[in-house]
Amino acid sequence: MTSFHLVDGYIDILSEVGRWKIIPMRGLYELNSFGIQYATFCRKIKKLESEGLVRSILGNNKRKFITLTNKGTEVCPYGVSFDDLEDSLNHDLTATNIVTKLIEYKNFKTGQVQCFGRGLDVEPDGLIFGQKNGREYSLAIEVELHQKSKSRVSDKLIKYANSVYYSYVIYILNKESTYRAYKMILESMNDEVRRKVILLFDINLTPTRFNFKDAQCLFQGKNVSFEDIFGE
């Protein structure tokens, strides 16, 4: 079994799956073609399935999604297997969509959905590594499709403010009511918290759509554009 993992690019594919909790099969290939044709890639995925390292989930229009199995996480310790709940599926696919689109931005170097395993006090939905004016930074991603309680949000914001692992955190929201509520919570926090937290509102956010460039953003008490925050 060990030799199987180490030859013919299988470990490369498995490691790439490990970056994401769940990802469309076609999207996985488009992110990194692995130097092979798509048909060959599909055969390798099927082999990984037969070995019990990944599994596939069929969505609408027979769209195929790939995730690690528990066995697969033993090979990729920073990945996790997907939980088969409908709400979780929508959230996790949205998180994957957000991060895969964000890493196309000119000033973002790389990113991933799964970034755990280091005993962190706070675990984001995703992580981006970027650069601005020659300075590198980390950006935690929080996908909020449902409004959380004020105390829960406040506690998490404080953890982000105190974390040495994340330079900033961006909360991505698709409901105006949630955006207004989180804005009020943020305004009640101290400067140490506000300097690290960004709110982004995209009413059309879905597991397949995300228009961050035209989204409404709030940073350090000001309504700004995405480019204002992350551009040079």
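## Helix 4 and the strands beneath

Helix 4 (residues 38-50) lies across strand 2 and strand 3, running at about 110° to strand 2. "Lies across" here rests on contact, with heavy atoms within 4.5 Å; the angles run from 0 to 180 degrees between N-to-C directions, using axes that are lines fitted to C-alpha atoms, for helices over the stretch in contact. Helices (H or I, at least four residues) and strands (E, at least two) are DSSP runs numbered from the N terminus. This is a predicted model, with local features needing pLDDT of at least 70, side-chain atom pairs counting only at pLDDT 80 or more, and totals for chains, interfaces and linings using all residues. Residues are numbered from 1 along each chain as its sequence is written, and side-chain values use heavy atoms, with hydrogens and water left out.

How does the length of helix 4 check out? At 1.5 Å a residue, its 13 residues should span 18 Å, and the end C-alpha atoms are 18 Å apart, which agrees; the expected span is 1.5 Å times one less than the number of residues. Just after the helix, G52 takes a positive phi of about 80°.

## Two sides of one helix

F41, K44, I45 and L48 of helix 4 are buried, that is, under 20% relative accessible area, with exposed meaning over 50% and partly exposed in between (1.4 Å probe, protein chains only). These four cover an arc of only 105° around the axis, so they sit on the same side of helix 4; the arc is that of the directions from the helix axis to the C-beta atoms. An α-helix has 3.6 residues a turn, so residues three or four places apart point the same way. Turned away from that buried side is a face carrying the exposed residues R43, K46 and S50.

## The three-stranded sheet

Strands 2 and 3 belong to an open sheet of three strands, ordered 1-3-2 with antiparallel pairing; two strands pair if DSSP finds at least two bridges between them. Strand 1 (23-24) and strand 2 (54-58) are the edges, each with a single partner strand, so one side of each has no neighbour in the sheet.

Five bridges hold the antiparallel pair of strand 2 and strand 3 (residues 64-68), and V54 has L68 as its bridge partner in strand 3. Helix 2 (residues 10-17) also lies across strand 2 and strand 3, at about 95° to strand 3.

## Strands 6 to 9

Now for another set of strands. Strand 6 (residues 135-144) runs parallel to strand 7, joined by six bridges, and V143 stands opposite I172 in strand 7. Between the two strands the chain passes through helix 7 (residues 150-162), giving a right-handed β-α-β crossover: with the strands pointing away from the viewer, the path from the first strand over the helix to the second runs clockwise. Strand 7 (residues 168-173) has five of its six residues buried, so the rest of the structure largely encloses it.

On to strand 8 (residues 197-201), which runs parallel to strand 7 and is joined to it by five bridges. V169 has V197 as its bridge partner, while I172 stands opposite L200. Both faces of strand 8 are covered, with V197, L199 and F201 buried on one side and I198 and L200 on the other. Strand 9 (residues 216-219) then pairs with strand 8 in the antiparallel sense over four bridges, and F201 stands opposite Q216.
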